[in-house]
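Let's walk through this one together, one question at a time. Have a look at the structure first, and then we'll start from a single residue and work outward.

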Amino acid sequence: MVAVLVIVIAIAIIQASLILHTRNTLIDAAVQGAHHAALVGSTPESGAERTTQLITDRFGDGYEVRATAISEEGIVTVQVSATLPLVGMLGPGATLQVEGRALEEEQW
């Protein structure tokens with residue numbers, strides 16, 4: 001009985017670390033996309049495309065990813081909505097939403 005409990009706890013820890021890794025990777029891609037969109041001569045749409053490209057490069061085509069970018073008052077915000085698998089890398093999914101921000105270079 002103790003072995004079953006230890007295995008369940010170990011699997012829960014592995015799943016939690018997988019979710020945190022995925023969340024942190026999505027946040028990093030959103031921030032990099034926002035920095036790309038904040039460059040002089042760049043557009044928010046190019047930042048959203050960059051974010052989607054980074055996520056596809058890191059996770060493959062298995063994730064449903066939607067990235068949108070807006071620019072308001074000199075701040076570029078990239079919002080990412082992605083489907084996160086709840087059981088390992090397979091199984092039913094839940095939606096995870098993150099965002100990254102950057103100050104536009106022209107505002108400096």
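Q: Where does Thr25 lie, and is Thr25 buried or exposed?
A: This is a predicted model, and in it Thr25 lies in helix α1. Its relative accessible area is 14%. Buried means under 20%, so Thr25 in helix α1 counts as buried.

Q: Which residues does Thr25 touch, leaving out those up to four places away in sequence?
A: Setting aside residues up to four places away in sequence, you can look for what else Thr25 meets. The contacts of Thr25 are Arg58 and Phe59.

Q: Which residues does Phe59 touch, not counting those up to four places away in sequence?
A: Start with its place: Phe59 is in helix α2. Its C-alpha atom is separated by 8.9 Å from that of Thr22, and the two residues are 37 residues apart along the chain. Leaving out residues up to four places away in sequence, Phe59 touches Thr22, Thr25 and Leu26.

Q: Which residues of α1 are buried?
A: Thr25 is one of them, with a relative accessible area of 14%. The full set of buried residues in α1 is Gln15, Thr22, Thr25, Leu26, Ala29, Ala30, Gly33, Ala34, Ala37 and Ala38.

Q: How far apart are the end C-alpha atoms of α1?
A: Helix α1 covers residues 2–38. At 1.5 Å a residue, its 37 residues should span 54 Å. The model agrees with that, because the end C-alpha atoms of α1 are separated by 54 Å.

Q: Which residues make the nonpolar surface patch of about 290 Å²?
A: One member, Leu5, is found in helix α1. The patch of about 290 Å² is made by Leu5, Ile9 and Ile13. As for the spacing, an α-helix has 3.6 residues a turn, so residues three or four places apart point the same way. The names to remember for this patch are Leu5, Ile9 and Ile13.

Q: How far does helix α2 reach from its first C-alpha to its last?
A: Helix α2 runs over residues 44–59, which gives it 16 residues. At 1.5 Å a residue, 22 Å is expected. The reach in the model is close to that, at 23 Å.

Q: Which residues are buried in α2, and which residue follows α2?
A: The buried ones in α2 are Ser46, Gly47, Ala48, Thr51, Leu54 and Ile55. Just after the helix there's a residue with a positive phi, near 85°. That residue is Gly60.

Q: Which residue forms a salt bridge with Asp28?
A: The closest N and O atoms of this pair are 3.0 Å apart. The pair links distant parts of the chain, with Asp28 in helix α1 and its partner in helix α2, 30 residues apart. Asp28 is partly exposed at 33%, and the partner is partly exposed too, at 34% relative accessibility. That partner is Arg58.

Q: How many salt bridges does a search of the whole structure find?
A: Besides Asp28 with Arg58, Glu99 forms a salt bridge with Arg101, and there the closest N and O atoms are 2.6 Å apart. Glu99 is partly exposed, at 34%, whereas Arg101 is exposed, at 55%. The search of the whole structure finds 2.

Q: Which residues does Thr77 touch, not counting those up to four places away in sequence?
A: Thr77 is found in strand β2. At 11% relative accessibility, Thr77 counts as buried. Beyond residues up to four places away in sequence, Thr77 touches Thr68, Ala69, Ile70, Glu99, Gly100 and Arg101.

Q: What is phi of Glu73 near?
A: Glu73 is in the loop between β1 (65–72) and β2 (75–87). Glu73 counts as exposed, with 82% relative accessibility. Its phi is positive, in a residue other than glycine, and is near 55°.

Q: What is the radius of gyration of the protein?
A: Zooming out, the protein has 2 helices and 3 strands, running α-α-β-β-β from the N terminus on. For 108 residues the globule rule gives 13 Å, and the protein is well over that, so it is more spread out than a compact globule. The C-alpha atoms fill a box of roughly 65 × 25 × 20 Å along the principal axes. The radius of gyration is 17 Å.

Terms used. Residues are numbered from 1 along each chain as its sequence is written. This is a predicted model: local features need pLDDT of at least 70, side-chain atom pairs count only at pLDDT 80 or more; totals for chains, interfaces and linings use all residues. Side-chain values use heavy atoms; hydrogens and water are left out. Patches are made of residues with over 30% relative accessible area and no salt bridge: like charges are joined within 9 Å, nonpolar side chains (Val, Leu, Ile, Met, Phe, Trp, Tyr) within 5 Å. Accessible areas come from the Shrake-Rupley method with a 1.4 Å probe; for residues, only the protein chains shown count as cover. A salt bridge is a side-chain nitrogen of Lys or Arg within 4 Å of a carboxyl oxygen of Asp or Glu. Helices (H or I, at least four residues) and strands (E, at least two) are DSSP runs, numbered from the N terminus. The expected span of a helix is 1.5 Å times one less than its number of residues. Buried means under 20% relative accessible area, exposed over 50%, partly exposed in between (1.4 Å probe, protein chains only). The radius of gyration is taken over C-alpha atoms; the globule rule is 2.2 Å times the number of residues to the power 0.38. Contact means heavy atoms within 4.5 Å.
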